[in-house]
Amino acid sequence: MFADSAKIFIKSGKGGDGHVSFRRELYVPCGGPDGGDGGKGGDIIFEVDDGLNTLTDFRQIRKYVAKDGEPGGKKRMHGANSADLVIKVPEGTVIKDFETGQVIADMSGDNRRETILNGGRGGLGNMNFATPTMQAPKYAQPGQSGRELWVQLELKVIADVGLVGFPNVGKSTLLSRVSNAKPKIANYHFTTLNPHLGVVDLDGGAGFVMADIPGLIEGASQGVGLGHDFLRHIERTKVLIHVVDAASTEGRDPIADIRAINAELEAYNPELLTRPQVIAANKIDAIYEGDENPVDKIAAAFEPEGIKVYPISAVSGKGVKELLYAVYELLKTVDQAPVIFEREFDMSSLNTAELPYTVEKNEDGEFVVEGPRIEKMLGYTNLESEKGFVFFQNFLKTSGILEELEQAGIEEGDTVRMYGFAFDYYK
(Lines give C-alpha, C1' and ligand atoms only; values in the text may rest on other atoms or scores of the structure.)
Protein backbone atom coordinates (compact mmCIF):
# COMPACT_ATOMS: atom_id res chain seq x y z
CA MET A 1 0.00 0.00 0.00
CA PHE A 2 1.23 3.51 -0.80
CA ALA A 3 2.15 5.39 2.38
CA ASP A 4 2.44 9.16 2.28
CA SER A 5 2.32 9.99 6.00
CA ALA A 6 3.77 8.56 9.19
CA LYS A 7 4.22 9.52 12.83
CA ILE A 8 7.61 8.66 14.33
CA PHE A 9 9.61 9.36 17.50
CA ILE A 10 13.14 10.71 17.16
CA LYS A 11 15.74 11.26 19.89
CA SER A 12 19.34 12.39 19.68
CA GLY A 13 22.01 10.79 21.82
CA LYS A 14 22.98 11.93 25.32
CA GLY A 15 26.48 13.28 25.79
CA GLY A 16 28.90 11.06 27.67
CA ASP A 17 29.56 11.92 31.33
CA GLY A 18 32.81 13.53 32.36
CA HIS A 19 35.13 11.34 34.44
CA VAL A 20 36.51 11.84 37.94
CA SER A 21 39.99 10.44 38.49
CA PHE A 22 43.43 11.47 39.72
CA ARG A 23 46.87 10.77 38.39
CA ARG A 24 48.36 7.81 40.25
CA GLU A 25 51.84 6.85 39.17
CA LEU A 26 55.03 5.71 40.82
CA TYR A 27 56.87 8.63 42.39
CA VAL A 28 53.82 10.86 41.82
CA PRO A 29 51.92 10.31 45.06
CA CYS A 30 49.76 13.45 44.77
CA GLY A 31 48.98 13.68 41.07
CA GLY A 32 46.37 16.16 39.93
CA PRO A 33 42.95 15.48 38.42
CA ASP A 34 43.05 13.67 35.08
CA GLY A 35 39.39 12.77 34.41
CA GLY A 36 38.60 13.10 30.70
CA ASP A 37 35.60 14.63 28.93
CA GLY A 38 32.63 12.68 27.66
CA GLY A 39 31.92 12.27 23.94
CA LYS A 40 29.12 13.96 22.03
CA GLY A 41 25.82 12.14 21.51
CA GLY A 42 24.69 11.24 18.00
CA ASP A 43 22.67 13.70 15.90
CA ILE A 44 19.39 12.83 14.16
CA ILE A 45 19.84 13.62 10.46
CA PHE A 46 17.29 13.30 7.65
CA GLU A 47 18.63 12.63 4.15
CA VAL A 48 16.94 12.33 0.75
CA ASP A 49 17.23 8.91 -0.91
CA ASP A 50 16.29 8.98 -4.61
CA GLY A 51 15.54 5.25 -4.46
CA LEU A 52 12.56 5.81 -2.15
CA ASN A 53 9.10 7.00 -3.23
CA THR A 54 6.90 6.17 -0.22
CA LEU A 55 7.04 6.34 3.58
CA THR A 56 6.13 2.66 3.96
CA ASP A 57 9.24 1.83 6.02
CA PHE A 58 8.09 4.19 8.74
CA ARG A 59 4.92 2.17 9.24
CA GLN A 60 7.12 -0.67 10.51
CA ILE A 61 9.75 1.23 12.51
CA ARG A 62 8.44 4.16 14.52
CA LYS A 63 11.29 4.91 16.96
CA TYR A 64 14.66 6.32 15.90
CA VAL A 65 17.11 6.88 18.76
CA ALA A 66 20.75 7.87 18.24
CA LYS A 67 23.40 6.35 20.51
CA ASP A 68 24.88 8.15 23.50
CA GLY A 69 28.42 9.47 23.62
CA GLU A 70 31.00 7.45 25.52
CA PRO A 71 31.96 8.64 29.02
CA GLY A 72 35.37 10.12 29.62
CA GLY A 73 38.16 8.05 31.13
CA LYS A 74 41.17 8.40 33.36
CA LYS A 75 44.48 9.77 32.08
CA ARG A 76 42.59 12.58 30.32
CA MET A 77 41.01 10.11 27.89
CA HIS A 78 38.19 11.69 25.88
CA GLY A 79 35.10 9.55 25.41
CA ALA A 80 34.28 8.68 21.80
CA ASN A 81 31.65 10.71 19.98
CA SER A 82 28.65 8.65 18.92
CA ALA A 83 27.86 8.09 15.25
CA ASP A 84 24.98 10.15 13.89
CA LEU A 85 21.71 8.41 13.02
CA VAL A 86 20.83 9.13 9.37
CA ILE A 87 17.16 8.60 8.43
CA LYS A 88 16.53 8.19 4.68
CA VAL A 89 13.35 9.68 3.20
CA PRO A 90 12.01 10.23 -0.34
CA GLU A 91 12.35 13.64 -1.92
CA GLY A 92 9.33 15.80 -1.14
CA THR A 93 9.04 14.68 2.49
CA VAL A 94 7.93 17.44 4.85
CA ILE A 95 8.89 16.98 8.51
CA LYS A 96 6.44 18.55 10.98
CA ASP A 97 6.19 18.80 14.75
CA PHE A 98 3.39 16.39 15.62
CA GLU A 99 1.90 18.51 18.40
CA THR A 100 1.71 21.84 16.55
CA GLY A 101 1.73 20.76 12.89
CA GLN A 102 4.45 23.34 12.23
CA VAL A 103 7.03 22.62 9.52
CA ILE A 104 10.50 21.68 10.76
CA ALA A 105 12.08 20.91 7.38
CA ASP A 106 11.12 20.26 3.76
CA MET A 107 13.39 17.67 2.14
CA SER A 108 13.00 19.08 -1.37
CA GLY A 109 15.01 21.03 -3.91
CA ASP A 110 18.55 21.70 -2.72
CA ASN A 111 17.78 20.53 0.80
CA ARG A 112 19.11 16.99 0.57
CA ARG A 113 20.41 16.55 4.11
CA GLU A 114 19.47 18.32 7.34
CA THR A 115 20.28 17.84 11.00
CA ILE A 116 17.00 17.93 12.91
CA LEU A 117 18.13 17.15 16.49
CA ASN A 118 21.64 17.77 17.78
CA GLY A 119 23.20 15.26 20.12
CA GLY A 120 24.02 16.31 23.68
CA ARG A 121 27.43 17.77 24.47
CA GLY A 122 29.82 15.61 26.42
CA GLY A 123 30.34 16.50 30.07
CA LEU A 124 33.66 17.94 31.25
CA GLY A 125 35.99 15.74 33.29
CA ASN A 126 37.31 16.87 36.65
CA MET A 127 40.61 17.95 35.05
CA ASN A 128 38.72 21.04 33.81
CA PHE A 129 37.71 22.21 37.28
CA ALA A 130 41.08 22.50 38.98
CA THR A 131 41.84 25.98 40.33
CA PRO A 132 44.60 27.40 42.57
CA THR A 133 42.18 27.16 45.50
CA MET A 134 40.69 23.80 44.50
CA GLN A 135 43.44 21.56 43.18
CA ALA A 136 41.62 18.25 43.62
CA PRO A 137 38.01 18.66 42.40
CA LYS A 138 36.04 15.51 43.05
CA TYR A 139 33.24 16.14 40.61
CA ALA A 140 32.70 16.11 36.85
CA GLN A 141 29.96 17.38 34.60
CA PRO A 142 27.29 14.97 33.36
CA GLY A 143 26.71 14.76 29.62
CA GLN A 144 23.99 16.95 28.19
CA SER A 145 20.70 15.17 27.57
CA GLY A 146 19.64 14.42 24.03
CA ARG A 147 16.59 16.04 22.49
CA GLU A 148 13.43 14.14 21.63
CA LEU A 149 10.42 14.85 19.48
CA TRP A 150 7.40 13.22 17.89
CA VAL A 151 7.29 14.24 14.25
CA GLN A 152 4.81 13.80 11.42
CA LEU A 153 6.28 12.91 8.04
CA GLU A 154 4.21 13.91 5.01
CA LEU A 155 5.18 13.10 1.44
CA LYS A 156 4.01 15.81 -0.96
CA VAL A 157 4.74 14.83 -4.56
CA ILE A 158 6.81 17.21 -6.66
CA ALA A 159 5.00 17.95 -9.91
CA ASP A 160 4.35 20.99 -12.10
CA VAL A 161 0.79 20.03 -13.00
CA GLY A 162 -1.87 18.29 -10.94
CA LEU A 163 -4.81 16.35 -12.37
CA VAL A 164 -7.87 16.71 -10.15
CA GLY A 165 -11.40 15.49 -10.52
CA PHE A 166 -13.92 12.99 -9.23
CA PRO A 167 -13.20 9.26 -9.49
CA ASN A 168 -13.66 7.56 -12.84
CA VAL A 169 -13.52 10.71 -15.00
CA GLY A 170 -10.40 9.61 -16.90
CA LYS A 171 -7.46 11.16 -15.04
CA SER A 172 -5.39 7.98 -15.07
CA THR A 173 -6.21 7.35 -18.74
CA LEU A 174 -5.06 10.85 -19.63
CA LEU A 175 -1.83 10.52 -17.65
CA SER A 176 -0.98 7.17 -19.24
CA ARG A 177 -1.59 8.57 -22.74
CA VAL A 178 0.59 11.68 -22.37
CA SER A 179 3.43 10.35 -20.23
CA ASN A 180 5.49 7.34 -19.30
CA ALA A 181 3.34 6.62 -16.24
CA LYS A 182 1.52 3.29 -16.11
CA PRO A 183 -1.30 3.64 -13.56
CA LYS A 184 -3.79 0.84 -13.09
CA ILE A 185 -6.93 1.70 -15.06
CA ALA A 186 -10.39 0.15 -14.75
CA ASN A 187 -14.00 1.25 -14.90
CA TYR A 188 -14.77 1.43 -11.19
CA HIS A 189 -14.38 4.04 -8.51
CA PHE A 190 -11.15 4.55 -6.62
CA THR A 191 -9.09 2.46 -9.02
CA THR A 192 -6.23 4.86 -8.34
CA LEU A 193 -5.19 4.74 -4.72
CA ASN A 194 -1.69 6.15 -5.26
CA PRO A 195 -0.55 9.49 -6.67
CA HIS A 196 1.12 8.76 -10.02
CA LEU A 197 3.77 10.94 -11.62
CA GLY A 198 4.50 11.11 -15.33
CA VAL A 199 6.88 13.18 -17.46
CA VAL A 200 5.15 14.86 -20.41
CA ASP A 201 7.52 15.41 -23.36
CA LEU A 202 6.61 18.04 -25.94
CA ASP A 203 8.32 19.06 -29.17
CA GLY A 204 11.61 20.93 -28.98
CA GLY A 205 12.68 19.43 -25.67
CA ALA A 206 9.86 21.10 -23.75
CA GLY A 207 7.91 19.26 -21.10
CA PHE A 208 6.71 19.10 -17.51
CA VAL A 209 5.89 16.69 -14.70
CA MET A 210 2.22 15.78 -14.23
CA ALA A 211 0.63 14.08 -11.22
CA ASP A 212 -2.66 12.22 -11.01
CA ILE A 213 -4.12 13.20 -7.61
CA PRO A 214 -6.71 10.55 -6.70
CA GLY A 215 -9.49 10.32 -4.18
CA LEU A 216 -11.11 13.75 -4.33
CA ILE A 217 -14.80 13.81 -3.50
CA GLU A 218 -17.10 16.18 -1.65
CA GLY A 219 -16.03 16.35 1.98
CA ALA A 220 -12.44 15.41 1.18
CA SER A 221 -11.04 18.35 3.14
CA GLN A 222 -12.87 17.04 6.23
CA GLY A 223 -11.46 13.55 5.78
CA VAL A 224 -14.33 11.97 3.82
CA GLY A 225 -13.23 9.15 1.53
CA LEU A 226 -9.59 9.10 0.52
CA GLY A 227 -9.36 12.78 -0.38
CA HIS A 228 -7.83 14.00 2.86
CA ASP A 229 -4.90 11.62 2.35
CA PHE A 230 -4.08 13.05 -1.07
CA LEU A 231 -4.97 16.74 -0.92
CA ARG A 232 -1.46 17.43 0.40
CA HIS A 233 0.00 16.38 -2.94
CA ILE A 234 -1.66 19.29 -4.74
CA GLU A 235 0.22 21.84 -2.66
CA ARG A 236 3.39 21.72 -4.76
CA THR A 237 1.71 21.88 -8.17
CA LYS A 238 1.74 25.13 -10.14
CA VAL A 239 -1.14 24.49 -12.58
CA LEU A 240 -4.29 22.44 -12.04
CA ILE A 241 -6.20 20.49 -14.70
CA HIS A 242 -9.79 19.69 -13.75
CA VAL A 243 -10.76 16.52 -15.58
CA VAL A 244 -14.53 16.09 -15.91
CA ASP A 245 -16.82 13.61 -17.62
CA ALA A 246 -18.34 15.99 -20.17
CA ALA A 247 -20.62 13.24 -21.49
CA SER A 248 -22.05 12.57 -18.00
CA THR A 249 -21.76 8.84 -18.61
CA GLU A 250 -22.57 8.22 -14.94
CA GLY A 251 -25.24 10.89 -14.72
CA ARG A 252 -22.99 13.43 -12.96
CA ASP A 253 -23.16 17.15 -13.62
CA PRO A 254 -19.65 18.26 -14.73
CA ILE A 255 -20.26 21.88 -13.72
CA ALA A 256 -21.34 20.86 -10.23
CA ASP A 257 -18.32 18.53 -9.98
CA ILE A 258 -15.86 21.34 -10.78
CA ARG A 259 -17.53 23.63 -8.23
CA ALA A 260 -17.37 20.88 -5.62
CA ILE A 261 -13.67 20.16 -6.24
CA ASN A 262 -12.81 23.86 -6.04
CA ALA A 263 -14.71 24.11 -2.77
CA GLU A 264 -12.65 21.25 -1.34
CA LEU A 265 -9.40 22.86 -2.51
CA GLU A 266 -10.40 26.15 -0.90
CA ALA A 267 -11.36 24.46 2.36
CA TYR A 268 -8.00 22.68 2.49
CA ASN A 269 -5.83 25.62 1.45
CA PRO A 270 -7.35 28.83 -0.01
CA GLU A 271 -4.06 29.62 -1.76
CA LEU A 272 -4.68 26.70 -4.15
CA LEU A 273 -7.44 28.63 -5.91
CA THR A 274 -4.97 31.39 -6.87
CA ARG A 275 -3.11 28.97 -9.15
CA PRO A 276 -3.89 28.79 -12.88
CA GLN A 277 -6.53 26.21 -13.84
CA VAL A 278 -7.83 24.68 -17.03
CA ILE A 279 -10.68 22.25 -17.59
CA ALA A 280 -10.25 19.06 -19.59
CA ALA A 281 -13.77 18.18 -20.76
CA ASN A 282 -13.13 14.46 -21.24
CA LYS A 283 -15.10 11.66 -22.96
CA ILE A 284 -16.30 13.84 -25.85
CA ASP A 285 -16.33 10.66 -27.96
CA ALA A 286 -19.30 9.52 -25.83
CA ILE A 287 -21.40 12.65 -26.48
CA TYR A 288 -24.39 11.84 -28.71
CA GLU A 289 -24.80 13.97 -31.83
CA GLY A 290 -27.86 16.17 -31.92
CA ASP A 291 -27.87 16.77 -28.18
CA GLU A 292 -26.91 20.14 -26.77
CA ASN A 293 -23.13 20.18 -26.54
CA PRO A 294 -22.25 19.97 -22.81
CA VAL A 295 -18.79 21.39 -23.51
CA ASP A 296 -20.42 24.68 -24.51
CA LYS A 297 -22.31 24.76 -21.22
CA ILE A 298 -19.10 24.12 -19.26
CA ALA A 299 -17.31 26.87 -21.20
CA ALA A 300 -20.16 29.29 -20.61
CA ALA A 301 -19.94 28.64 -16.86
CA PHE A 302 -16.16 28.91 -16.39
CA GLU A 303 -14.48 30.80 -19.22
CA PRO A 304 -15.91 34.14 -17.95
CA GLU A 305 -13.94 33.35 -14.76
CA GLY A 306 -10.73 32.98 -16.79
CA ILE A 307 -10.69 29.16 -16.77
CA LYS A 308 -10.29 27.81 -20.31
CA VAL A 309 -12.10 24.64 -21.34
CA TYR A 310 -10.50 22.06 -23.67
CA PRO A 311 -12.64 19.23 -25.10
CA ILE A 312 -10.63 15.99 -25.18
CA SER A 313 -10.89 12.25 -25.43
CA ALA A 314 -8.23 10.60 -23.30
CA VAL A 315 -9.01 7.27 -24.99
CA SER A 316 -8.60 8.37 -28.62
CA GLY A 317 -6.23 11.28 -27.96
CA LYS A 318 -8.44 13.87 -29.63
CA GLY A 319 -7.75 17.38 -28.34
CA VAL A 320 -5.05 16.20 -25.94
CA LYS A 321 -2.17 17.92 -27.77
CA GLU A 322 -3.95 21.29 -27.63
CA LEU A 323 -4.53 20.82 -23.90
CA LEU A 324 -0.88 20.00 -23.17
CA TYR A 325 0.49 22.99 -25.07
CA ALA A 326 -1.99 25.29 -23.36
CA VAL A 327 -0.84 23.98 -19.99
CA TYR A 328 2.79 24.45 -21.00
CA GLU A 329 2.14 28.07 -21.89
CA LEU A 330 0.43 28.58 -18.52
CA LEU A 331 3.47 27.16 -16.75
CA LYS A 332 5.62 29.85 -18.36
CA THR A 333 3.56 32.50 -16.57
CA VAL A 334 4.17 31.20 -13.04
CA ASP A 335 7.20 31.23 -10.79
CA GLN A 336 9.46 28.36 -11.82
CA ALA A 337 11.05 27.96 -8.39
CA PRO A 338 9.98 24.74 -6.68
CA VAL A 339 7.32 25.03 -3.99
CA ILE A 340 9.25 24.66 -0.74
CA PHE A 341 7.64 24.83 2.68
CA GLU A 342 9.57 27.15 4.98
CA ARG A 343 10.45 26.23 8.55
CA GLU A 344 7.80 27.27 11.09
CA PHE A 345 8.81 25.30 14.19
CA ASP A 346 11.17 27.05 16.62
CA MET A 347 13.77 24.44 17.55
CA SER A 348 14.93 26.56 20.49
CA SER A 349 11.73 25.49 22.24
CA LEU A 350 13.50 22.16 22.84
CA ASN A 351 16.26 23.81 24.89
CA THR A 352 16.32 23.09 28.60
CA ALA A 353 16.28 26.86 29.19
CA GLU A 354 12.67 26.79 28.08
CA LEU A 355 11.63 24.21 30.67
CA PRO A 356 9.18 25.44 33.31
CA TYR A 357 9.57 25.90 37.05
CA THR A 358 7.37 27.12 39.90
CA VAL A 359 8.00 29.32 42.96
CA GLU A 360 5.63 28.74 45.92
CA LYS A 361 5.59 29.34 49.69
CA ASN A 362 4.64 26.29 51.76
CA GLU A 363 2.92 26.02 55.15
CA ASP A 364 6.26 26.08 57.00
CA GLY A 365 7.12 29.46 55.50
CA GLU A 366 9.72 27.96 53.15
CA PHE A 367 9.94 29.02 49.53
CA VAL A 368 9.85 25.94 47.29
CA VAL A 369 11.26 26.14 43.76
CA GLU A 370 10.59 23.07 41.60
CA GLY A 371 10.17 21.97 37.99
CA PRO A 372 12.04 20.22 35.15
CA ARG A 373 14.36 23.19 34.68
CA ILE A 374 15.48 23.07 38.32
CA GLU A 375 15.94 19.29 38.20
CA LYS A 376 18.20 19.52 35.16
CA MET A 377 20.26 22.35 36.69
CA LEU A 378 20.82 20.40 39.90
CA GLY A 379 21.82 17.34 37.88
CA TYR A 380 24.60 19.35 36.22
CA THR A 381 25.88 21.12 39.34
CA ASN A 382 27.94 20.00 42.33
CA LEU A 383 26.70 22.37 45.02
CA GLU A 384 29.28 21.13 47.53
CA SER A 385 32.06 22.70 45.50
CA GLU A 386 32.97 26.36 45.48
CA LYS A 387 32.81 26.62 41.70
CA GLY A 388 29.54 24.72 41.56
CA PHE A 389 27.92 27.01 44.13
CA VAL A 390 29.06 30.11 42.21
CA PHE A 391 27.45 28.63 39.09
CA PHE A 392 24.30 27.98 41.12
CA GLN A 393 24.15 31.61 42.30
CA ASN A 394 24.56 32.89 38.73
CA PHE A 395 21.81 30.54 37.58
CA LEU A 396 19.39 31.98 40.15
CA LYS A 397 20.12 35.51 38.92
CA THR A 398 20.13 34.97 35.17
CA SER A 399 17.07 32.70 35.15
CA GLY A 400 14.94 35.27 36.99
CA ILE A 401 14.32 32.98 39.98
CA LEU A 402 15.71 35.49 42.51
CA GLU A 403 13.44 38.17 41.10
CA GLU A 404 10.42 35.87 41.41
CA LEU A 405 11.37 34.99 45.01
CA GLU A 406 11.51 38.69 45.87
CA GLN A 407 8.13 39.25 44.23
CA ALA A 408 6.78 36.38 46.36
CA GLY A 409 7.86 38.26 49.51
CA ILE A 410 11.07 36.50 50.51
CA GLU A 411 13.16 38.17 53.22
CA GLU A 412 16.71 37.66 54.44
CA GLY A 413 17.04 34.48 56.48
CA ASP A 414 14.10 32.73 54.83
CA THR A 415 14.68 29.18 53.62
CA VAL A 416 14.61 28.24 49.96
CA ARG A 417 14.12 24.55 49.14
CA MET A 418 14.84 22.89 45.80
CA TYR A 419 14.09 19.19 45.96
CA GLY A 420 16.69 17.78 48.42
CA PHE A 421 18.71 20.99 48.62
CA ALA A 422 17.93 23.88 50.97
CA PHE A 423 19.66 27.20 51.73
CA ASP A 424 18.97 30.47 53.55
CA TYR A 425 18.35 33.55 51.47
CA TYR A 426 20.68 36.57 51.89
CA LYS A 427 21.22 39.47 49.48
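Here is a short chat about a predicted model, working from one serine out to cores, sheets and salt bridges.

Me: What should I know before I start reading numbers off this structure?
Reply: It's a predicted model, where local features need pLDDT of at least 70, side-chain atom pairs count only at pLDDT 80 or more, and totals for chains, interfaces and linings use all residues. Residues are numbered from 1 along each chain as its sequence is written, and side-chain values use heavy atoms, with hydrogens and water left out.

Me: Where does serine 179 lie?
Reply: Helices (H or I, at least four residues) and strands (E, at least two) are DSSP runs, numbered from the N terminus. Serine 179 sits in the loop between helix H2 (171–178) and strand S10 (196–201).

Me: Is serine 179 buried or exposed?
Reply: Buried means under 20% relative accessible area, exposed means over 50%, and partly exposed is in between (1.4 Å probe, protein chains only). Serine 179 has 12% relative accessibility, so the label is buried.

Me: Which residues is serine 179 in contact with, leaving aside its neighbours within four places in sequence?
Reply: Contact means heavy atoms within 4.5 Å. With those sequence neighbours set aside, serine 179 touches Gly198, Val199 and Val200.

Me: How far apart in space are serine 179 and valine 209?
Reply: Along the sequence, serine 179 and valine 209 are 30 residues apart. In space, C-alpha to C-alpha, the distance is 8.8 Å.

Me: Which helix gives the most to the largest nonpolar core?
Reply: A nonpolar core is a set of buried Ala, Val, Leu, Ile, Met, Phe, Trp, Tyr and Cys residues joined through side-chain atoms within 4.5 Å. The largest one here has 39 residues, and Leu174, Phe208, Met210, Ile241 and Val327 have the most contacts inside it. Elements that each supply at least two residues of this core include H2, strand S11 (207–212), helix H4 (254–268) and helix H6 (320–332). The top contributor, with 6 residues, is H6.

Me: How many residues does the other core have?
Reply: This other core lies apart from the largest one. Among its members are Ala6, Ile10, Tyr64 and Ala105, and its count is 23 residues.

Me: Which strands are at the edges of the sheet with the order S4-S2-S7?
Reply: Two strands pair if DSSP finds at least two bridges between them. This open sheet has 3 strands and mixed pairing. An edge strand here pairs on one side only, and that fits strand S4 (85–89) and strand S7 (113–117).

Me: Which residue in S4 stands opposite phenylalanine 46?
Reply: Strands of a sheet pair through backbone hydrogen bonds, either parallel or antiparallel. Strand S2 (residues 44–48) and S4 pair in the parallel sense, over 5 bridges. Opposite phenylalanine 46, you'll find isoleucine 87.

Me: Why is one side of S15 and of S18 left without a neighbour in the sheet?
Reply: The sheet is open, with 4 strands in the order S15-S16-S17-S18 and mixed pairing. Strand S15 (358–361) and strand S18 (421–424) stand at the edges, so one side of each has no neighbour in the sheet: each has a single partner strand.

Me: What is the bridge partner of valine 368 in S17?
Reply: Strand S16 (residues 367–370) and strand S17 (residues 415–418) pair in the parallel sense over 2 bridges. For valine 368, the partner in S17 is arginine 417.

Me: Which residue does arginine 417 meet in a salt bridge?
Reply: A salt bridge is a side-chain nitrogen of Lys or Arg within 4 Å of a carboxyl oxygen of Asp or Glu. The pair here is 3.2 Å, N to O, and links parts of the chain 51 residues apart. Arginine 417 is partly exposed at 31%, while its partner is buried at 16%. That partner is glutamate 366.

Me: How far apart are the closest N and O atoms of aspartate 257 and arginine 252?
Reply: Aspartate 257 is buried, with a relative accessible area of 9%, whereas arginine 252 is partly exposed at 31%. Their salt bridge has its closest N and O atoms at 2.9 Å.

Me: How many salt bridges does the structure hold?
Reply: Some are linked in a network, which joins Lys96, Glu154, Lys156 and Glu235. For the whole structure, the count is 19.
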